[in-house]
Amino acid sequence: MMKCVLIILNYNDSHRALELAQKSKKYNNINRVVIVDNKSTDNSVEYLENQTESCDKIDILKARSNKGFAAGNNIGARYVTKKYQPEYILFANTDTIFEENDINECIKYMNVKENLGLVSMRIKDIKGNEERSAWSFKSFFEYAMFNIWLYRRLTYRQGVYTNFNERFQYVNIVRGSFMFFNASALEQVDFFDEGTFLYYEEEIISKKLQKSGYKVGLITNHFYIHNHISGASSNKWFIKKYMDKSLYYFLSKYYEIGRIKKAFFVLTIGISYIENICIDIIKKILKK
């Protein structure tokens with residue numbers, strides 16, 4: 001049995017995926033690195049296979065189709081669970097930077113905190129500004145109203161953990177760019193829910209873990225860097241499409257909302273589209 005396996009999901013970012021893999025494979029506490037190519041549209045697979053041909057510590061997997069974040073990561077999770085049976089599985093984005101000692105801290109808390117299924121750290125961007133690293137579940141009404149631009153602007157920071165008085169604390173949800181799992185807990189909840197393509201994977205996996213008696217934690221005196229990728233996903237309509245679909249799925253399945261609440265949620269989505277169109281028109285007028 002291996003101690004820890006790192007899974008990196010790649011989509012058209014093979015150079016950073018390889019850089020992270022090559023750095024991490026040198027860590028004594030990471031026994032294997034698996035890069036899952038999520039059906040990239042560039043030459044990622046060829047590049048990764050050529051660059052790792054002589055490396056016996058990095059595995060390259062290829063998704064047959066791009067079914068999103070959860071499905072892509074599950075390819076890696078199921079593969080390592082069957083082949084290596086690790087004690088811990090770390091999922092890290094290609095645009096993250098972390099050190100060997102950070103992994104030691106994750107392992108330490110997994111060993112001393114009972115029923116800890118998932119742990120992460122606080123986040124800074126590449127310029128050193130702290131980002132949102134953990135937040136609480138909302139009520140149905142709060143999730144639905146979050147579609148509305150004005151409500152979202154007024155309440156965005158509500159539920160975000162900002163007071164860190166201890167080196168470790170339990171939280172509801174952690175950011176998906178760095179997720180360190182107890183492998184048996186992840187397998188017990190049947191890995192990530194593949195019902196979403198993008199967004200709300202963090203809420204869903206946290207809800208699944210907590211329903212099975214596991215806890216989610218945050219190491220508050222360690223940070224990793226999230227050097228954000230820009231690209232197609234920066235298009236606000238692309239983001240909105242998948243956020244709306246994923247939130248609707250999350251609420252329908254895990255909050256078990258009925259017809260009236262579903263109708264109310266759809267109404268807030270409709271209002272949000274009108275808001276966005278009006279905002280775009282105002283911006284165009286102001287630019288003239």
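Of the 288 residues of the protein, 50% count as buried, in what is a predicted model. The exposed surface of the protein comes to about 14700 Å², and carbon and sulfur atoms supply 51% of that area. The radius of gyration is 20 Å, which agrees with the value near 19 Å that a compact globule of 288 residues would have. Along the principal axes, the C-alpha atoms fill a box of roughly 55 × 45 × 40 Å.

The secondary structure of the protein is made up of 10 helices and 12 strands. Among the contacts in the protein with a separation of 6 or more, 82% are accounted for by residues 24 or more positions apart. As for charge, the protein carries 42 positive and 32 negative charges, and the mean positions of these two sets are 6 Å apart.

## Strands S1 and S4 and their partners

Strand S1, residues 4-10, is largely enclosed by the rest of the structure, because 7 of its 7 residues are buried. From S1, the residues Cys4, Leu6, Ile8 and Asn10 point one way, while Val5, Ile7 and Leu9 point the other way, and all of them are buried. S1 pairs with strand S2 (residues 32-37) in the parallel sense over 6 bridges, and within this pairing Leu6 stands opposite Val33 of S2. S1 is also joined by 4 bridges to strand S4 (residues 88-92), with the two strands running parallel; here Cys4 has Tyr88 as its bridge partner in S4, and Leu6 has Leu90.

S4 is itself mostly covered, with 5 of its 5 residues buried. Tyr88, Leu90 and Ala92 point one way from this strand and Ile89 and Phe91 the other way, all of them buried. S4 pairs in addition with strand S11 (residues 178-182), in the antiparallel sense and over 5 bridges, and in that pairing the partner of Leu90 is Phe180. Leu90 of S4 thus has a bridge partner in S1, namely Leu6, and another in S11, namely Phe180.

## Helix H8

Helix H8, residues 201-211, is largely enclosed by the rest of the structure, because 9 of its 11 residues are buried. The buried residues are Glu201, Glu202, Glu203, Ile204, Ile205, Ser206, Lys207, Lys208 and Leu209. Just after H8, Gly213 takes a positive phi of about 90°.

## Two buried positions and their contacts

Cys106 lies in helix H4, residues 100-112, and is buried with a relative accessible area of 0%. Leaving aside neighbours within four places in sequence, Cys106 is in contact with Val119, Phe178, Phe180 and Ile219. Phe180, the partner of Leu90 in the pairing of S4 with S11, is therefore also one of the residues that Cys106 touches, where contact means heavy atoms within 4.5 Å. Cys106 and Ile123 are 17 residues apart in sequence, and their C-alpha atoms are 15 Å apart in space.

Thr220 is found in strand S12, residues 215-226, and counts as buried at 5% relative accessibility. Not counting residues up to four places away in sequence, Thr220 touches Arg122, Phe164, Glu166, Arg167, Phe168 and Gln169. The C-alpha atoms of Thr220 and Ala183, which are 37 residues apart along the chain, are separated by 22 Å.

## Positive phi outside glycine

Most residues other than glycine have a negative phi. Asn12, which is not a glycine, has a positive phi of about 55°, and is placed in the loop between S1 and helix H1 (14-24). Gln85 likewise is not a glycine and has a positive phi of about 45°; this residue lies in the loop between helix H3 (69-83) and S4.

The table sets out the relative accessible areas of the four residues discussed individually.

| Residue | Relative accessible area | Class |
|---|---|---|
| Cys106 | 0% | buried |
| Thr220 | 5% | buried |
| Asn12 | 29% | partly exposed |
| Gln85 | 48% | partly exposed |

Buried means under 20% relative accessible area and exposed means over 50%, with partly exposed in between, so Asn12 at 29% counts as partly exposed, as does Gln85 at 48%.

Technical notes. Residues are numbered from 1 along each chain as its sequence is written. This is a predicted model: local features need pLDDT of at least 70, side-chain atom pairs count only at pLDDT 80 or more; totals for chains, interfaces and linings use all residues. Side-chain values use heavy atoms; hydrogens and water are left out. The radius of gyration is taken over C-alpha atoms; the globule rule is 2.2 Å times the number of residues to the power 0.38. Buried means under 20% relative accessible area, exposed over 50%, partly exposed in between (1.4 Å probe, protein chains only). Accessible areas come from the Shrake-Rupley method with a 1.4 Å probe; for residues, only the protein chains shown count as cover. Lys and Arg count as positive and Asp and Glu as negative; His and the chain ends are not counted. The place of a charge is taken as NZ of Lys, CZ of Arg, CG of Asp or CD of Glu. Two strands pair if DSSP finds at least two bridges between them.
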